[in-house]
Amino acid sequence: MSLELCVLCDGQLWDIRDLSLIKTYVTERPVNAVTMSPLLDHVVLGGGQDASSVTTTDHRAGKFEAKFFDKVLQEEIGGVKGHFGPINALAFNPDGKSFSSGGEDGYVRLHHFDPDYFSIKI
C-alpha cells in the first residue's frame with residue numbers, strides 16, 4: 001500500500017481512502033509520535049510515561065525510547081534510546097538513512113542507521 005494512502009495515528013495505521021483501520025502496533029507505553037520508513041516496511045513509535053510523572057521516577061522507568069515495528073507483521077524489531085523525557089516528535093529523512101526524534105528533555109536527536117539496519121530480516 002502506498003505511503004500517500006496511509007496515515008499513522010497513536011500507533012495505528014489507517015487507510016485514508018475509506019478511513020479503515022489497517023494495523024495496530026501494541027506497546028506498553030503511551031504513544032506521542034509515529035513515523036514510517038520511506039525505504040523499509042518499518043514503523044517507529046515514540047512516547048513514554050506521562051510528563052507529570054517524569055520527575056518522580058528514574059529515566060529508565062519512563063520508557064523514553066523509539067520503538068521499531070515491522071509494518072506488516074506488527075512485531076517489535078528494535079529500539080533506540082537517548083532521551084530523558086517523553087518523545088513527542090519523530091520523522092524519517094526522505095532518503096530513509098536516518099531519522100530524528102524530539103523529546104520533552106529539550107533535545108532533538110538525529111539517528112543515522114548502520115548498514116546492518118538495511119539487511120534486517122524478520
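This short presentation describes the strands of one protein chain and a few of its residues.

Please note that the model is predicted: local features need pLDDT of at least 70, side-chain atom pairs count only at pLDDT 80 or more, and totals for chains, interfaces and linings use all residues. Residues are numbered from 1 along each chain as its sequence is written, and side-chain values use heavy atoms, with hydrogens and water left out.

I begin with the chain as a whole. It holds 10 strands and zero helices; here helices (H or I, at least four residues) and strands (E, at least two) are DSSP runs, numbered from the N terminus. Of its 122 residues, 39% count as buried, where buried means under 20% relative accessible area, exposed means over 50%, and partly exposed lies in between, with a 1.4 Å probe and protein chains only. The exposed surface amounts to about 7,000 Å², of which carbon and sulfur atoms supply 53%; accessible areas come from the Shrake-Rupley method with a 1.4 Å probe, and for residues only the protein chains shown count as cover. Among contacts with a separation of 6 or more, 39% are between residues 24 or more positions apart, a contact being heavy atoms within 4.5 Å.

Let us turn to the first sheet. Strands β1, β2 and β3 form an open sheet in that order, with antiparallel pairing; two strands pair if DSSP finds at least two bridges between them. At the edges stand β1 (6–9) and β3 (20–24), each of which pairs on one side only. Direction ignored, neighbouring strands of this sheet are turned by 30° against each other on average; axes are lines fitted to C-alpha atoms, for helices over the stretch in contact, and angles run from 0 to 180 degrees between N-to-C directions. Four bridges link β1 to β2 (residues 12–15), and Val7 stands opposite Trp14 in β2. In the loop between β2 and β3 we find Leu19, which has a positive phi of about 60° although it is not a glycine. Leu19 counts as exposed because its relative accessibility is 63%.

The next topic is β5, residues 42–47. Six of its six residues are buried: His42, Val44 and Gly46 on one side, and Val43, Leu45 and Gly47 on the other. Strand β4 (residues 31–36) runs antiparallel to β5 and is joined to it by five bridges, with Ala33 and Gly46 as bridge partners. The connection between β4 and β5 is a hairpin of five residues. With β6 (residues 66–70), β5 pairs in the antiparallel sense over four bridges; here Val44 has Phe68 as its bridge partner.

Why does Arg29 count as buried? Arg29, in the loop between β3 and β4, counts as buried because its relative accessibility is 7%. Its side chain makes a polar contact with the side chain of Thr27 at 3.2 Å. By a polar contact I mean a pair of N or O atoms within 3.5 Å; within protein, one must be able to donate a hydrogen and the other to accept it, and residues adjacent in sequence count only if both atoms are side-chain atoms. The Arg29 side chain also reaches the backbone oxygen of Lys63 at 2.8 Å. Leaving aside neighbours within four places in sequence, Arg29 is in contact with Gly48, Lys63, Phe64, Glu65 and Lys67.

I close with Gln74, in the loop between β6 and β7 (76–80). Its phi is near 65°, a positive value in a residue other than glycine. With a relative accessible area of 31%, Gln74 is partly exposed.
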